[in-house]
Amino acid sequence: MGVFDSFRRKSEPQADYPAHRGYYAMHEGLDYDDWDSRLDRLDSALAAEEKKRLRFWQRDYWRGRRKRWWVGRILAGIIALFIVLVAWLAITAPLSKSLEPIAAPQITLLAADGTPIARNGAITDEPVVVSDLPPHVIEAFLATEDRRFYSHWGVDPRGIARAAWTGTGGGSTITQQLAKFTFLTPERTLTRKAREALIAFWLESWLTKDEILSRYLSNAYFGDNVYGLRAASLHYFYRKPENLKPNQAAMLAGLLQAPSAYAPTKHYDRAERRMRIVVQSMVAAGYITEAEARAMRPPALDVRTRNDLPTGTYFADWALPEARELTEQGYARQTLTTTLDSRLQNIARQVTQRAPLGDAQVALVAMRRNGEVVAMIGGKDYAKSPFNRATQAKRQPGSTIKTFVYLAALRNGWSPTDTIANTEITEGSYRPRNSDGRYSETITLRDALARSSNVATLRLFNEVGSEKVIETARDFGIRASFVAGDPSIALGSTSMSLIDLTAAYAGIAANAFPAEPHAFVREELGWWNRLWDGPDSLSGQTHNEIESMLRAAINEGTGRAAMLRGPNYGKTGTSQDNRDALFVGYAGDLVVGVWIGNDDNSPLQGGISGGGLPARIWRDFMNQAMNVRAAPVQPAPREQEDPGTPIEPQDVPDLEDIPLGDGNSRLRIREGEAVFSTEIDGIPVDITFGEEGVAIDEAAIEEARRRADERRFEAIRNRRDERLRELERDAEN
């Protein structure tokens, strides 16, 4: 009935029903089964509606489930868990990984001329095949490591119980050990043991017993940096594992418990005692008789491989990751030829060792214009400190970064002859000053870079924009963390590595950037690859302009101590408070960067700057590397007849830049004046001869005198301190 039926008036009278007489109708018109079915459906609907209101964490949600429902859900869960477990093992424990060496195979690095320079990595060799080994070799390992290997399923409950009861042995099977050193870390936790057992079952399911044993013997550690039975057999006995004698096999099997402690090359007595235990285990396992055990004598060693090469050098440590990428994965040892030049490396070592560094550290990187590193010094002593200051240290480059400020300006339409204000900066929060205290109304870009003017560089940086300067530095491969808008970028406040900075200058030298530093010869790109994905380059005009400015920085500016007899280009750099001193430049096919500083970033003693000691180290290296000798002594002048023809000019640039003596001095003619440039005690000094007479840079002379006095007083103090130490030692004795 509808909702409004109760308000509707009845139009017809209804018939009266007779009164109940105390009995029920029993005729066939009423279907009780259908009625019961309807009631059951109603109850089920009500129960279902009630369950919808329950949550899975409530107990009533799970009550009343049928057994079939539970069995189905449990089986589905087990299947899902199995699928997840198989997928996880396939990813974290692929079977192919057990075929790979657990330690990186040995790599020998050679210099470009074939001279060995370093050997790094484990001694490995090809895997063994169990079916090719004599029975006594296999039995020696089974007797001491896993007697029930061929009868268990990866985990041996008896072995675990025996280890727990006797307190000896770890209870791990050979399969578990293979799982541990192939897929897991050596940590001792229940989680790791559970994963170890799980992977052991996985290995047993997919590999045969002989395959598992072969992989185990091919990867186990035998001491002396030797991995695998074949490598160990050749290392200790110079014999293939297929030809091992019983006593040799027993000694090798004994090494697995503690390889370093039992290595027979260092602890033969321990290895012999351990071998006796292995032999008795073979008797207990029924592999040999007591008589055979008594007749077995300790084997004699036959070690023919000696490693007299260092495991690392500054260059080798840097080159090794690249070497690993070049080698094929496997057990074989590799020998790779690097770009290192033995002669240049020796020169680099000599010039840095004889430099008066005091307590400071030094780094030097030399590379070809294409990025091939030919020499590397990462510190004064690798044995004392293997930290590579040429590649790992991030230090401020000082004014060497200014080159890329001026290069960004040239790329955006500026010219070396354009001028910019060189007056003191009196506004703003950042007010750097010129290190020499000299200012002028204007200065050309060429002179600003040569004299390393801070105020002119900062103004140029603001004119060009930080984005374009950072973009230029990035184009040339500098990966430092520049902060856009930070004006201190222009003066070298952003830390970077020496090798990145040197490579950026290599990009300028080759006019092909970025130049990526590398330790191995790379194939030259074909014309199509060069066209499609080759390096970028500057326009010919821009490249000539930046080179003329870098040459002026040496010949006329702060880098005069680095002058060579031929064309050379470079820039000095000194960070705040003389914490870092650098010189980076190039000549011929060599691009070289030199850094001096203290590891604790403290100021350098004696006021070392980029135009001083680093520039002289650079010059000394270049002179020897390029076989430049001092000019020969000229004979006394003699009279000659007039040739009557024009005389060929000297082989110097424009007759305005004449090298004198050993290349440390120059004579330049400019604007009617002769300027004699030399250095006194490492301080560049200019003596000008002109119409007004002789003019000498008194400030530079005074600076040289001050440094000489400091060194003299320092020498006196050192002698005094040494004498006091000698007196103290005499008193103690």
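Which residues of α6 are buried? They are I174, T175, Q176, Q177, L178, A179, T182 and F183. The legends below start from this helix and then visit other parts of what is a predicted model.

**Figure 1. Helix α6, residues 174-183, is largely enclosed by the rest of the structure.** Of the 10 residues in this helix, 8 are buried, so the surroundings cover much of α6. Keep an eye on Q177, one of the buried residues of the helix, as Q177 turns up again in the next view.

**Figure 2. Two glutamates can be viewed together with Q177.** The first to look for is E145, which belongs to helix α4 (residues 135-145). Its side chain is joined to the side chain of Q177 by a polar contact of 3.2 Å. E145 is buried and yet lacks a salt bridge; R274, the nearest side chain of opposite charge, is 4.8 Å away. The other glutamate, E196, sits in helix α7 (residues 190-206). With a relative accessibility of 1%, E196 counts as buried. E196 and Q177 are 19 residues apart along the chain, and 8.2 Å separates their C-alpha atoms.

**Figure 3. K571 is a buried lysine without a salt bridge.** You will find K571 in strand β8, which covers residues 569-574. The nearest side chain of opposite charge is that of D436, and it is 11 Å away. What does the side chain of K571 make a polar contact with? The partner is the side chain of T572, at 3.4 Å.

**Figure 4. Helix α1 carries residues from two surface patches, here represented by D33 and L42.** The helix spans residues 32-52. D33, D36, D40 and D43 gather on the surface as a patch of negative charge. D33 itself is exposed, and its relative accessible area is 60%. The other patch is nonpolar and consists of W35, L39, L42 and L46. Together these four residues offer about 410 Å² of accessible area. L42 counts as partly exposed, at 46% relative accessibility.

**Figure 5. A salt bridge joins R368 and D589.** Their side chains meet at 3.9 Å, N to O. R368 lies in strand β4 (residues 361-368), while D589 belongs to the loop between β9 and β10 (590-597), so the pair ties together parts that are 221 residues apart in sequence. R368 is partly exposed, with a relative accessible area of 23%. D589 also counts as partly exposed, at 38% relative accessibility.

**Figure 6. Further salt bridges include a pair and a network.** The structure holds 17 salt bridges. In one of them, the side chains of E424 and R433 meet at 2.6 Å, N to O. E424 is partly exposed at 39% relative accessibility, whereas R433 is exposed, with a relative accessible area of 51%. Elsewhere, salt bridges link E322, E516 and R522 in a network.

**Figure 7. D577 combines a positive phi with a salt bridge to R579.** Where does D577 lie? Its place is the loop between β8 and β9 (580-587). Phi is about 60° here, although D577 is not a glycine. Most residues other than glycine have a negative phi. The side chains of D577 and R579 meet in a salt bridge of 3.4 Å, N to O. Both partners can be checked for exposure: D577 is partly exposed, with a relative accessible area of 44%, and R579 counts as partly exposed at 26% relative accessibility.

**Figure 8. S452 also has a positive phi without being a glycine.** Its value is about 55°. S452 is placed in the loop between α17 (445-451) and α18 (454-464). Is this serine buried or exposed? S452 is buried, with a relative accessible area of 9%.

**Figure 9. A cis peptide bond leads from F513 to P514.** Omega is near 0° at this bond. Most peptide bonds are trans. To find the spot, look for P514 in the loop between α20 (498-510) and α21 (527-533).

Technical notes
Residues are numbered from 1 along each chain as its sequence is written. This is a predicted model: local features need pLDDT of at least 70, side-chain atom pairs count only at pLDDT 80 or more; totals for chains, interfaces and linings use all residues. Side-chain values use heavy atoms; hydrogens and water are left out. Patches are made of residues with over 30% relative accessible area and no salt bridge: like charges are joined within 9 Å, nonpolar side chains (Val, Leu, Ile, Met, Phe, Trp, Tyr) within 5 Å. Accessible areas come from the Shrake-Rupley method with a 1.4 Å probe; for residues, only the protein chains shown count as cover. Lys and Arg count as positive and Asp and Glu as negative; His and the chain ends are not counted. The place of a charge is taken as NZ of Lys, CZ of Arg, CG of Asp or CD of Glu. Helices (H or I, at least four residues) and strands (E, at least two) are DSSP runs, numbered from the N terminus. Buried means under 20% relative accessible area, exposed over 50%, partly exposed in between (1.4 Å probe, protein chains only). A polar contact is a pair of N or O atoms within 3.5 Å; within protein, one must be able to donate a hydrogen and the other to accept it, and residues adjacent in sequence count only if both atoms are side-chain atoms.
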